[in-house]
Amino acid sequence: MKSIGMILGLVTAFVLFAQVVSSFFRKRIGGAFRKLHLGLGIVLTLLFCAHGTLLFLTFGPPRSLWHLCGTAAATVALLALISGFARKRIGEKFLSLHRVLGIAALVLAILHRMLAFI
């Protein structure tokens, strides 16, 4: 079960990275950006759920720093996803907020991965 969780975690980190990078190439991607970004967001949410569930089943509730970083990464990524659905209500600050949340989630996920090996 640990190896499946680790593989899911690596795939999740890769998709999160792709999600953040795609936002910086938004204009180059053009009209396909929204479908690509939304698709990655949905896949990312499913991966976070699967990976988080396996971690919880294997290690229990978050007690260590690496586990807390992973939980925080998932929470911040979920906030970024929710902000995407509320972009019209958020208004002109949406893009800045959405990018900050995405980058914060990526940094927390990287910390989660690094702390897991310490």
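1. Let's start with one residue: Thr75 counts as partly exposed, at 42% relative accessibility. Here buried means under 20% relative accessible area, exposed over 50%, and partly exposed in between (1.4 Å probe, protein chains only). Thr75 sits in helix α4, residues 65-85. Its C-alpha is 9.8 Å in space from that of Leu101, with the two positions 26 residues apart in sequence numbering.

2. A word on the source: this is a predicted model, where local features need pLDDT of at least 70 and side-chain atom pairs count only at pLDDT 80 or more, while totals for chains, interfaces and linings use all residues. Residues are numbered from 1 along each chain as its sequence is written, and side-chain values use heavy atoms, leaving out hydrogens and water.

3. Now the whole chain: it has six helices and zero strands (DSSP runs numbered from the N terminus, H or I of at least four residues for helices, E of at least two for strands). The radius of gyration, 15 Å, is close to the 13 Å that the globule rule gives for 118 residues, so the chain is as compact as a globular protein of that length. That radius is taken over C-alpha atoms, and the rule is 2.2 Å times the number of residues to the power 0.38. The C-alpha atoms fill a box of roughly 40 × 25 × 20 Å along the principal axes. Of the 118 residues, 35% count as buried.

4. Lastly, have a look at Lys27. This residue lies in helix α2 and is exposed, with a relative accessible area of 82%.
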